[in-house]
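Biologist: I should like to learn how features of a protein model are read. Please give the general idea each time and then the case at hand.

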Amino acid sequence: MSAALERLQALVGRELGVSGWHAVSQDMIDRFAEVTRDHQFIHIDPARAAAETPFGGTIAHGFLTLSLLSALRQEAVPPFEGQAMGINYGFEKVRFPSPVTAGARVRGRFVLQKLTPRSAGEVLLQYQATVEIEGEAKPAISAEWLTLAVLR
């Protein structure tokens with residue numbers, strides 16, 4: 001194992017970073033609905049969502065919130081020494097404990113759970129990724145996220 005990977009291995013079990021807060025606007029939700037063709041009223045109709053749901057208005061798609069993980073991680077956790085790029089590899093587990101209401105702010109929190117060298121040029125990283133909602137006790141997302149780091 002290289003010296004860079006040994007330093008990274010020493011971080012297993014530790015929080016690597018927390019992003020800043022980012023607003024999830026109704027415009028963002030509407031654009032996501034257009035791209036994914038998921039036009040369920042709980043996402044795009046504020047009046048109906050306020051009248052017919054317990055959320056008090058529209059909520060972001062769970063997959064919209066999940067898709068923010070890459071940007072939140074990039075902000076919170078810089079590439080490690082010797083890393084050329086990172087590639088999404090998948091998830092062991094994803095849960096959506098609480099919805100993100102339109103206008104709420106979210107941030108990502110990342111703990112390195114596991115590091116598995118796969119070859120001389122690749123290492124599989126497993127993060128505990130949490131998307132917190134400002135002012136809420138429960139997170140929007142709790143996930144075990146796998147990324148493949150390609151080394152230089």
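Modeller: Let us begin with burial: a residue is buried under 20% relative accessible area, exposed over 50% and partly exposed in between, using a 1.4 Å probe and protein chains only. This is a predicted model, in which local features need pLDDT of at least 70 and side-chain atom pairs count only at pLDDT 80 or more, while totals for chains, interfaces and linings use all residues. Residues are numbered from 1 along each chain as its sequence is written, and side-chain values use heavy atoms, with hydrogens and water left out. By the burial criterion, both Y127 and W145 are buried.

Biologist: How is a pair of aromatic rings read, and how many such pairs does the structure hold?

Modeller: A pair of aromatic rings is described by the distance of the centres and the angle of the planes. Rings of Phe, Tyr and Trp (its six-membered ring) pair if their centres lie within 6.5 Å; planes under 30 degrees apart count as stacked, over 60 as edge-to-face and the rest as tilted. The structure holds 5 aromatic pairs. In one of these, the ring centres of F91 and W145 are 6.1 Å apart and the planes lie at 10°, so the pair is stacked. Because F91 belongs to strand β3 and W145 to strand β6, this pair ties together parts 54 residues apart in sequence. Helices (H or I, at least four residues) and strands (E, at least two) are DSSP runs numbered from the N terminus.

Biologist: Is F91 buried or partly exposed, and what is the relative accessibility of W145?

Modeller: F91 has a relative accessible area of 34% and is therefore partly exposed, whereas W145, at 2%, counts as buried. W145 also forms a tilted pair with Y127, with 6.2 Å from centre to centre and 45° between the planes. That pair links Y127 in strand β5 to W145 in strand β6, 18 residues apart. Ring pairs join F91, F110, Y127 and W145 into a cluster.

Biologist: How does one read the pairing of strands, and which residue stands opposite W145?

Modeller: Two strands pair if DSSP finds at least two bridges between them. Strand β3 (residues 83–95) runs antiparallel to β6, and 10 bridges join them; here F91 stands opposite W145. β5 and β6 also pair in the antiparallel sense, over 10 bridges, and L125 stands opposite T147 in β6. β6 is mostly covered, with 9 of its 11 residues buried.

Biologist: What is meant by a nonpolar core, and which residues of the largest one touch the most other members?

Modeller: In soluble globular proteins, nonpolar side chains tend to be buried together. A nonpolar core is a set of buried Ala, Val, Leu, Ile, Met, Phe, Trp, Tyr and Cys residues joined through side-chain atoms within 4.5 Å. The largest core has 31 residues, of which F80, V100, F110, V123 and L125 touch the most other members. Elements giving two or more residues to this core include α1 (3–9), α2, β4 (105–119) and β5 (122–133). β5 provides the largest share, 6 residues.

Biologist: How does one recognise a helix with a buried face, and which residues of α2 are buried?

Modeller: An α-helix has 3.6 residues a turn, so residues three or four places apart point the same way. In helix α2 (residues 26–36), Q26, I29, F32 and A33 are buried. Viewed down the axis of α2, the buried residues fall within an arc of 125°, so they line one face; the arc is that of the directions from the helix axis to the C-beta atoms. R31, E34 and V35 are exposed on the other side of α2. The cover over the buried residues of α2 includes α3 (41–44), α4 and α5, contact meaning heavy atoms within 4.5 Å. In α6, the buried residues are L69, L72, R73 and A76. Their arc around the axis is only 95°, which puts them on the same side of α6.

Biologist: Where is T53 found, and what does its side chain reach?

Modeller: A polar contact is a pair of N or O atoms within 3.5 Å; within protein, one must be able to donate a hydrogen and the other to accept it, and residues adjacent in sequence count only if both atoms are side-chain atoms. T53 is found in the loop between α4 (46–52) and α5 (62–67). Its side chain reaches the backbone oxygen of A49 at 2.5 Å, and a polar atom of the T53 side chain lies 3.3 Å from the backbone nitrogen of F55. With a relative accessible area of 14%, T53 is buried.
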